[in-house]
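Subject: Handover of a structure, with findings

Dear colleague,

I am passing the structure below to you for your use. Please find it here, followed by an account of what was found in it.

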Amino acid sequence: MSPSANSATGPGPRFAVVGVPGNRRVTLFQDAVRAAGLPPARVVPWLDVLRGEAVFRPGETVRMDSPGEDTEVERLLRAVDDPTRVEGTALWYARFTAAVRAVARTATASGATLLDGPGDVAVLFDKRLCHALLDGSGVPVPASPTSGAAAPVLCDWADVRDRMAALGMPRVFVKLAHGSSASGVLAVETAGPGRIRATTSVDRDPTGRLFNSLRVRRCTTEREIAAIVDALAPDGLHVERWLPKATQRGRAADLRVVVVAGRATHAVVRTSRSPMTNLHLGGERGSLDDIRAAVETAGGSWAEALAVCERAAACFPDTLCVGVDLLPTAGWRRFAVGEVNAFGDLLPRLTGLPGSGAEGLDTYAAQVAAVLNRARNHRANATA
């Protein structure tokens, strides 16, 4: 990949980014566009999309980014006044996917090109559909009783507990079907009758409302766990077997691997003393070199680990970039995909993997370079 527009014959692409003006994601993408010698990307606010006011121009290359970190956008999507509230994700999903389809219709009618397929986005933001697609494509994933559109709907904690017992799953992750950033996640483990606990970042106030917290805590009574799960259930639940993760220096470890244009370009190790490794919940970056060495020492293949991520990304052919959560199982020999994220590229200052073609580029510059390469190849084929 080359970050320079000057390496191609003819003018480079003109970008439009649908995002939150001034947000760090938009800023980092603008930096990458500028570094490539291209005109600044035109920012189309999500607020304009939601109000039916978005406009695209012929020939633009349209990138959609996260609508998060904007209180008004959050209110319009979830109908909540406090963005830390957990509830409302089913409404968020319905309204957000409708907004994405509106972007696609307007952009296509204007003669613009999309970097994110609306059908892909709809699956990426439904963990049940995403799990089924990955599983059906041969991508290793944790076992799940909620995988796919035809799976039984779990209506409350009693349903979750019954499915755990019936399928012999004493340890599971309970997730919101349309959640992100560990919102509403509980890592539940049982050890015989009456012995149950859950790890979560969800706080429940005296009125029963749920809030996201930056503090990971333990729930040690079934009554408390049931109250949280019952409150989450109306928005849709996804349950997965809790795979025992490999560890690095005594901490649970997994990886976020960014795949751009079909190639695994960036990877970061996330470690934690809790089951949730998200960096905003206190997770820390680990050593990628140590991970690669552990995999090879165990007789595994680092190349195959990256190939698993590329196979997961291939399930979303109309989307330029995804972030894959790769779970190394204990022993470092096998890997499974926990999630695939539409907006999983926010990894500031992280440069590309050796041999990826994105060496020296951050995740945003790699995407700009991929679009430039695609345009160059298109022109070459047109003149051949």
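I begin with a contact between two helices. Residues W157, V160 and R161 of α7 meet E222, I225, A226, V229 and D230 of α8. Sorted by class, the residues of this contact of α7 with α8 comprise five nonpolar, no polar and three charged. Please bear in mind throughout that this is a predicted model.

The geometry of this pair is as follows. Helices α7 and α8 pack at an angle of about 110°, and their axes are 8 Å apart. Since angles from 65 to 115 degrees count as roughly perpendicular, α7 is roughly perpendicular to α8.

Two of the charged residues named above also pair with each other. The side chains of R161 and E222 meet in a salt bridge, with an N to O distance of 2.9 Å. R161 belongs to helix α7 (residues 157-166) and E222 to helix α8 (residues 222-232), so the salt bridge ties together parts that are 61 residues apart in sequence. R161 has a relative accessibility of 37% and therefore counts as partly exposed. E222 likewise counts as partly exposed, at 28%.

Salt bridges elsewhere

Across the whole structure, a search finds 28 salt bridges. One of them joins the side chains of E69 and R24, at 3.1 Å from N to O. E69 is in the loop between β3 (60-64) and α3 (71-78), while R24 is in helix α1 (residues 24-35), so this pair ties together parts that lie 45 residues apart in sequence. With a relative accessible area of 57%, E69 is exposed. R24, at 47% relative accessibility, counts as partly exposed.

Helix α1 takes part in a further salt bridge through R25, whose partner is D345; the closest N and O atoms are 3.5 Å apart. This pair links distant parts of the chain, as R25 is in helix α1 and D345 in the loop between β15 (335-341) and α11 (363-383), 320 residues apart. Are R25 and D345 buried or exposed? Both residues are buried.

In addition, salt bridges link K245, D254, R256, R270 and D325 in a network.

A second helix pair

Helix α3 and helix α4 (residues 89-110) also have axes that approach each other, coming within 7 Å and crossing at roughly 100°. That angle makes α3 roughly perpendicular to α4. On the α3 side the contact is made by E74, R75, L76, L77 and R78, and on the α4 side by T89, L91, W92, R95 and F96. The classes represented in the contact of α3 with α4 are five nonpolar, one polar and four charged residues.

The five-stranded sheet

The next feature is an open sheet of five strands, in the order β8-β7-β6-β5-β9, with antiparallel pairing. Its edge strands are β8 (210-219) and β9 (237-241), each of which pairs on one side only. On average, neighbouring strands of this sheet are turned by 25° against each other, direction ignored. Helix α6 (residues 127-136) packs on the sheet and touches β5 (171-176) and β9; the direction of α6 makes about 40° with that of β9.

Within the sheet, strand β7 (residues 196-204) is joined to β8 by six bridges, and the two run antiparallel. Which residue of β8 stands opposite R204? The residue is L210. V202, in turn, stands opposite N212 in β8. The strands β7 and β8 form a hairpin with five residues between them, and G208 in the turn has a positive phi of about 95°.

Strand β7 is also joined to strand β6 (residues 186-190), by five bridges and again in antiparallel fashion. Here L186 has T200 in β7 as its bridge partner.

A buried loop residue

Finally, I draw your attention to A54, which is placed in the loop between α2 (46-50) and β3. A54 has a relative accessibility of 17%, so it counts as buried. Leaving aside residues up to four places away in sequence, A54 touches V44, D48, V49 and T106. The C-alpha atoms of A54 and A107 are separated by 9.1 Å, although these residues are 53 residues apart along the chain.

With kind regards

How values were computed:
Residues are numbered from 1 along each chain as its sequence is written. This is a predicted model: local features need pLDDT of at least 70, side-chain atom pairs count only at pLDDT 80 or more; totals for chains, interfaces and linings use all residues. Side-chain values use heavy atoms; hydrogens and water are left out. Two strands pair if DSSP finds at least two bridges between them. Helices (H or I, at least four residues) and strands (E, at least two) are DSSP runs, numbered from the N terminus. Axes are lines fitted to C-alpha atoms, for helices over the stretch in contact, and angles run from 0 to 180 degrees between N-to-C directions. Contact means heavy atoms within 4.5 Å. A salt bridge is a side-chain nitrogen of Lys or Arg within 4 Å of a carboxyl oxygen of Asp or Glu. Buried means under 20% relative accessible area, exposed over 50%, partly exposed in between (1.4 Å probe, protein chains only). Angles under 35 degrees count as roughly parallel, over 145 as roughly antiparallel, 65 to 115 as roughly perpendicular and the rest as oblique. Ala, Val, Leu, Ile, Met, Phe, Trp, Tyr, Cys and Pro count as nonpolar, Asp, Glu, Lys and Arg as charged, and the others, Gly among them, as polar.
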